Amino acid sequence: MKHLSVNHLLGINELSQEDIQLIFHMADSFNEVLNRPIKKVPTLRDVTVANLFFESSTRTKISFELAEKRLSADIVNFAANLSSLSKGESLIDTVNNILAMRVDVVVLRHPNPGAAYFLSKNVDSVIINAGDGCHEHPSQALLDSYSIQQKLGSIKNKKILIVGDIKHSRVALSNILCLQKLGAKVRVCGPSTLIPKFLTNMNVEVSFDIKDSLKWCDVANILRIQIERQNLNFFPSSREYAMLFGVNKKILDNINKDILILHPGPINRGVEVTSDVVDSNKSIILDQVSNGVAIRMAILYLLSAKMKSKY
Amino acid sequence: MELKNNIIIRNAKIIDVNSKHHNSKKDVLIINGIIKEIKKNIEFELPYFEIKKNNLHISPGWIDLHTRLGEPGLEHRETIITGLKSAADGGFTSVVVMPNTNPPVDKKSEVIFLLKEGADNIVEVLPTGCVTEKCQQKKISEMYDMHLHGAIAFTDDKKNIQNAKLMSIALEYVKNFKGLIMTTNLDNNFNKNGQINEGVVSTELGLEPSPELSEDLMVMRNLKLLEYTNSKLHLSTISTKNSLRQIKAAKTKKLKVSSDVAAHQLILNDESLRNFDTNLKVMPPLRDELTRKALIKGIKDGIIDAISSDHSPIEIESKKCEFNKAEFGIIGLETVFPITNTILKDDLKLEEIIQLISSNPRQILGIKQPIIIENQKANITLFDPDLKWYYQEDDIQSLSKNSPFINHQFTGKSLGIINKGDVYIKE
């Protein structure tokens with residue numbers, strides 16, 4: 001069988017286009033499994049996975065857990081607020097202690113950029129990055145691109161818009177890298193205070209005009225405004241944010257064009273996007289969630305297969 | 001280190017523009033720390049210690065403008081003994097020591113402590129004192145008293161003074177005794193948690209960016225204050241294109257300003273950070289390739305006067321961790337000359353390279369220049385500018401090992417030093 005070029009999933013940056021297509025191809029198979037009456041396969045029955053979440057998460061954690069369960073893996077869960085980290089233990093020691101109990105795969109969510117990279121260099125296990133600070137969130141980007149591809153057939157030459165806080169968003173960065181690897185044209189739109197200065201050097205278009213950007217695009221991925229990540233106020237209020245960058249039905253009706261709406265969740269309804277858009281037929285938000293499980297099954301399966309191939 | 005009464009250096013090429021022996025290959029006889037004779041084929045009847053090495057070059061002893069020793073209070077990072085061993089290994093006969101220890105050097109007692117602890121060492125310790133009490137940036141410290149007891153200059157090191165009024169008072173005050181303020185340059189509000197240089201790399205790594213502008217703003221303010229006070233100021237470890245422009249303009253206006261750059265800025269750029277290597281985490285951060293080249297040009301154009309080590313020993317626990325949590329700093333004393341020589345050897349003459357780490361820093365500090373001529377004290381660095389070698393972890397003399405240059409190949413190596421009547425020969 002085909003293998004991934006990488007031993008860990010640390011970021012989209014390290015994946016080749018072939019890797020991404022291989023993950024998508026596997027996700028197709030697992031999507032088929034998920035639609036069976038018995039949604040479970042024994043593939044990872046001999047694999048133990050630790051979900052280490054050093055930062056709160058609902059959907060990513062549940063999605064990974066479900067993916068692991070559907071593959072029959074053994075699971076241990078760990079959340080930071082209960083952990084010994086508060087007692088001053090270092091990240092390496094915490095993880096090594098867990099690995100000493102013979103864990104094969106670590107799914108890591110951590111507030112520091114590069115934390116997954118750091119672990120991959122220092123502990124002996126397969127590492128899956130489930131979000132590291134403002135760096136990357138590769139499984140989210142993969143499921144976003146997969147969902148777009150599922151609807152539009154291909155991503156190549158499609159115009160994809162990402163709306164919101166780009167500066168503090170790992171979803172935005174991973175999406176940009178993934179979409180570009182698949183041949184899309186990417187534009188970001190959001191408050192100028194929340195767009196990194198050097199984004200244009202990465203072949204990303206930057207716009208501060210939401211109407212014009214929605215007119216331009218085939219797909220709009222609307223990010224959650226992450227108020228908890230901001231230690232300075234980059235915009236004065238969520239009310240004013242909605243006035244400048246909120247996506248609502250009226251704007252979409254006026255552009256007179258069918259576009260797909262994505263959102264990685266959780267949604268602040270009425271801030272970055274209104275309910276009438278979220279619940280409309282343009283939205284594929286719930287498809288993203290379903291595909292998330294299939295994509296994560298594909299990631300877990302392919303990385304475990306790669307690991308076993310080395311024995 | 002060995003105390004030797006009679007030393008003969010054999011067949012060394014003398015690199016010292018102030019000496020009549022400059023660029024000639026001769027023997028040097030040193031008796032009780034004084035250069036007694038310089039000529040070819042010296043014969044000496046009493047027992048003597050002979051230094052004979054392939055391609056041996058000698059120059060006036062090198063001096064570093066930006067060293068951190070861990071004492072008092074940070075002995076887990078560096079002790080005076082290990083720090084000075086590292087300096088000797090790097091070819092330095094003097095080091096300017098930063099005051100941000102625990103407690104900080106903000107009174108004469110700490111200055112005296114450092115001088116006393118370093119007194120018997122072959123390397124000369126030149127302590128600086130804090131500009132403000134405890135480097136807390138509330139009020140200026142007793143700089144005159146520290147000056148009287150041997151403080152060479154005043155700085156709050158990386159806690160550079162943010163309050164413009166306080167900085168202007170400090171600059172005014174040191175005029176009373178012709179003192180020198182040294183400062184790093186970072187607007188802390190604008191920099192705000194900056195981890196690495198702002199650019200494509202910081203964007204792709206999701207690390208909080210530190211824009212060049214956060215240095216430019218502070219350099220601009222400091223030069224305005226210097227002009228306003230007509231004092232004397234040294235800008236430490238500068239790292240931006242605009243800093244160079246501003247310093248050039250200030251020198252044209254005849255302001256009493258000087259500057260140095262950390263050696264690591266000349267050889268690395270921010271692309272090397274892509275693997276989140278915490279040994280590359282420094283402040284000011286490694287800049288992009290354009291700026292690295294501009295800094296090299298700044299040296300060639302004479303805008304930058306000196307190259308410093310910015311020696312920051314950090315224990316492994318504060319480096320082997322997540323990038324955001326890691327401390328800033330690289331140990332540098334042992335790699336200043338290898339880096340400088342490797343990078344600049346094709347563009348500058350050897351004596352010009354040596355001036356950047358010997359006569360120029362001494363001129364900035366206003367201290368006497370050692371000269372390799374008869375009847376002068378022997379303050380000498382021995383080196384081979386053509387030797388190709390790899391810097392290995394086992395070579396490191398510093399107590400901390402936070403160098404990104406392990407296994408790096410360099411051209412040029414220091415071989416030892418002679419100072420205070422002592423000899424240190426690198427093994």
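In what sense do strand 6 and strand 7 of chain A pair, and over how many bridges? In this model, which I should say at once is a predicted one, strand 6, residues 185–189, pairs with strand 7 of chain A in the parallel sense, over 3 bridges. Within that pairing, Cys189(A) stands opposite Ser207(A) in strand 7 of chain A.

Let me place the two strands in their sheet. The sheet in chain A is an open one of 5 strands, in the order 7-6-5-8-9, with parallel pairing. Strand 7, residues 205–207, and strand 9, residues 260–262, stand at the edges with a single partner strand each, so one side of each has no neighbour in the sheet. From one strand to the next, the twist averages 20°. Helix 5 of chain A, residues 138–152, packs on this sheet, where it touches strand 5, strand 8 and strand 9 of chain A, and its direction makes about 160° with that of strand 9 of chain A.

Staying with strands 6 and 7, there is also a side-chain link, since the side chains of Arg187(A) and Glu205(A) meet in a salt bridge, at 3.1 Å from N to O. Arg187(A) belongs to strand 6 and Glu205(A) to strand 7 of chain A, so the salt bridge ties together parts that are 18 residues apart in sequence. Arg187(A) counts as buried, at 8% relative accessibility, whereas Glu205(A) is partly exposed, at 37%.

The loop between strand 6 and strand 7 of chain A holds Ile195(A), which is buried, with a relative accessible area of 9%. Among the residues that Ile195(A) touches are Val188(A), Cys189(A), Val206(A) and Phe208(A).

Turning to chain B, which salt bridge does Asp310(B) form? Its partner is Arg68(B), with the closest N and O atoms 3.0 Å apart. Asp310(B) lies in the loop between strand 16 and helix 10 of chain B, and Arg68(B) in the loop between strand 7 and helix 1 of chain B, so this pair ties together parts that are 242 residues apart in sequence. Asp310(B) counts as buried at 3% relative accessibility, and Arg68(B) is buried as well, at 11%. These two residues are linked with Asp157(B) and Lys158(B) in a network of salt bridges.

Asp27(B) forms a salt bridge with Arg10(B), their closest N and O atoms being 2.6 Å apart. Asp27(B) is in strand 3 and Arg10(B) in strand 2 of chain B, 17 residues apart, and both are buried.

Finally, on the surface, Tyr144(B), Leu148(B) and Tyr173(B) make a nonpolar patch of about 300 Å².

Notes:
Residues numbered from 1 in each chain as written. Chains lettered and ligands numbered in written order. Predicted model: local features only at pLDDT ≥ 70, side-chain atom pairs only at ≥ 80, totals over all residues. Heavy atoms only, no water. Patch = residues over 30% accessible without salt bridge, like charges linked within 9 Å, V, L, I, M, F, W, Y side chains within 5 Å. Areas by Shrake-Rupley, 256 points an atom, 1.4 Å probe, with all protein chains shown as cover. Salt bridge = Lys/Arg side-chain N within 4 Å of Asp/Glu carboxyl O. Pairing = 2+ DSSP bridges. Helix = DSSP H or I, 4+ residues; strand = E, 2+ residues; numbered from the N terminus. Axes fitted to C-alpha atoms, helices over the stretch in contact; angles between N-to-C directions. Contact = heavy atoms within 4.5 Å. Buried < 20%, exposed > 50% of the residue type's maximum accessible area, 1.4 Å probe, protein only. Lists of a residue's contacts leave out its neighbours within four places in sequence.
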